[in-house]
Amino acid sequence: MSSRGPIAPKKLLTGLIGAPIAHSASPAMHERAAEALGLRGHYQLIEVAGADATALSMMLEGVRRLGFAGVNVTFPYKEAVVPLLDELATTAATMAAVNTVVVKDGRLIGHNTDTTGFARAVKPLLAPAGNAVAVIGTGGVGKAIAFALASLEVADLRIFDSELARAEKLAALLARHGGARVAKSVEDALDGATGLVNGTPVGMLPNRDTPVAPALLRQSLWVADAVYSPLITPLLAAAQEKGARIMTGRELAIYQAADAFELFTGLAPSTEVMGEAFDAVMAARSAAYQAA
C-alpha cells in the first residue's frame, strides 16, 4: 500500500484586471466551477485604477510569466489591452475589445465572451417577428452587446453614446455585420424601440443614476442592464414600475464567465454551479447593505 496521500487536484490560476472590482462575483463563480470539476482554482482580483499602457503591459507580462491560465478584463481596460496582446480571436479583433485573455504557449490571446454570453442571455427577450433594440453606451461592454445583437440578426439596431465619435466608430465596425444606426439622443434611440440595453457603468454602486430618464420607459419595452451590482439598478427599478419585462446583469455575468472558464481550461463548467455562486455573493452583499 502506497504511503502517498491522494493526488492533489490540478491547480488553476486565473484573475480579473480592472477598477473598481472589489464587488466582482467572478472569484466565487470561477472557484466554485473549478471545484466542481476537481480543480483547485484561485481567481485573483488585480485592481489598479488609472493604469496607462505601460502599467497594463507590466500586469499582462506578469500574467504571462506567473502561471496564469488567463485573466478576464473589465472596465475601463477592455479596449486598452487590445494592442498589448500577441493575438486576437476573430470577434475580439473585429470589435477591438477584449474581456478574456488566455495564456497559450507563452502567448497572450484575446477573446470576447461578453458577446457570446450576452447572446445566450438575451435570446428569450427577442421577438420572432422583428426587433428594434437601443444600446446605450459603446465602450467595451456596449460594443460586445451590439455585436451580440447583430449576431442574433436584430434588424434595427440603434446605438447611442454621449461621445458621438465613439458611436460612429462602432457603427463603422458593425457595417459588415448587419449595420447599426447612430442615434442623436437617448430619445431618438428609443423611438419605436422594442428593447433597451444599458451598456454603460451608470447605476453600478455606489452610483445611483440611470442612463435613461424613467419618463422614456414604457410597458411594451423590454429593458436589460449589464450592471449587476446592484442586481436591480435604478434603470431596472424604473422599468419594473412601468410594468416592462427586465433582464438583470445576472445572466450576462454567468454566461460570460462560463465561456471564459472554458477558454481557460478546455472544460465546460456548470452554469448552474456558477449561478449558485453568483446568487450567494449577491445575497451576502444585500444582507451587508441592509445591516449597514
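# Exercises on two sheets and the helices beside them

Six strands make up an open sheet whose order is β9-β8-β7-β10-β11-β12, and the pairing in this sheet is parallel. The model worked on here is a predicted one, and the exercises begin with this sheet.

## Exercise 1. The edges of the parallel sheet

Work out which strands stand at the edges of the sheet β9-β8-β7-β10-β11-β12, and find what joins β11 to β12.

*Solution.* Start from the ends of the order: β9 and β12 (246-247) stand at the edges, and each has a single partner strand, so one side of each is left without a neighbour in the sheet. Next, take the pair that includes β12: strand β11 (residues 222-225) is joined to β12 by two bridges, and these strands run parallel. Within this pair, A224 is placed opposite M247 in β12. Then look at what covers these strands: helix α8 (residues 234-241) packs on the sheet, where it touches β10 (195-198), β11 and β12, and its direction makes about 165° with that of β11.

## Exercise 2. The inside of α8

State which residues of α8 are buried, and find the strands against which they pack.

*Solution.* The buried residues in α8 are P234, L235, L236, A238 and A239. Following them to their partners, one finds that they pack against β10, β11 and β12. Just after the helix ends, G243 takes a positive phi of about 85°.

## Exercise 3. The pair β7 and β8

Find how many bridges join β7 to β8, and decide how far β8 is covered.

*Solution.* Strand β7 (residues 132-136) is joined to β8 by five bridges, and the two run parallel. One facing pair can be named here, since A134 stands opposite R158 in β8. As for cover, four of the five residues of β8 are buried, which leaves the strand mostly covered.

## Exercise 4. The two faces of α6

Explain why the buried residues of α6 can be said to line one face of the helix, and name the exposed residues on the face turned away.

*Solution.* First collect the buried residues of helix α6 (residues 164-174), which are A167, L170, A171 and L174. Seen down the axis of α6, these buried residues fall within an arc of 105°, so they line one face of the helix. The general rule behind such a pattern is that an α-helix has 3.6 residues a turn, so residues three or four places apart point the same way. The buried residues of α6 pack against α5 (140-151), β8 (156-160) and β9 (181-182). On the face turned away from the buried side, the helix carries the exposed residues A165, K169 and A172.

## Exercise 5. The mixed sheet

Describe the sheet β2-β1-β3-β5-β6-β4, its edge strands and the helix that lies across it.

*Solution.* This open sheet also has six strands, and its pairing is mixed. The edge strands are β2 (40-47) and β4 (87-88), each of which pairs on one side only. At the β4 edge, two bridges join β4 to strand β6 (residues 107-111), the two running parallel, and E87 stands opposite I109 in β6. Helix α9 (residues 250-265) lies across β1, β3 (70-73), β5 (100-104) and β6, and runs at about 10° to β5.

## Exercise 6. T14 and P83

Decide whether T14 is buried or exposed, and do the same for P83, buried or exposed.

*Solution.* T14 belongs to strand β1 (residues 11-18). Its relative accessible area is 3%, and buried means under 20%, so T14 is buried. Leaving aside neighbours within four places in sequence, T14 is in contact with H42, Y43, Q44, F68, A69, G70 and F264. Of these, H42 is 28 residues from T14 in sequence, while the C-alpha atoms of the two are 6.4 Å apart in space.

P83, by contrast, is found in the loop between β3 and β4. Its relative accessible area is 64%, and exposed means over 50%, so P83 is exposed. P83 and A51 are 32 residues apart in sequence, and from C-alpha to C-alpha they are 15 Å apart.

## Exercise 7. Confidence along the chain

Find where pLDDT stays under 50.

*Solution.* The protein chain averages a pLDDT of 94, and 97% of the residues score at least 70. Over residues 1-7, however, pLDDT stays under 50, and for this stretch the model has zero contacts beyond four places in sequence.

Methods
Residues are numbered from 1 along each chain as its sequence is written. This is a predicted model: local features need pLDDT of at least 70, side-chain atom pairs count only at pLDDT 80 or more; totals for chains, interfaces and linings use all residues. Side-chain values use heavy atoms; hydrogens and water are left out. Buried means under 20% relative accessible area, exposed over 50%, partly exposed in between (1.4 Å probe, protein chains only). Contact means heavy atoms within 4.5 Å. pLDDT is the predictor's confidence in each residue, from 0 to 100. The arc is that of the directions from the helix axis to the C-beta atoms. Two strands pair if DSSP finds at least two bridges between them. Axes are lines fitted to C-alpha atoms, for helices over the stretch in contact, and angles run from 0 to 180 degrees between N-to-C directions.
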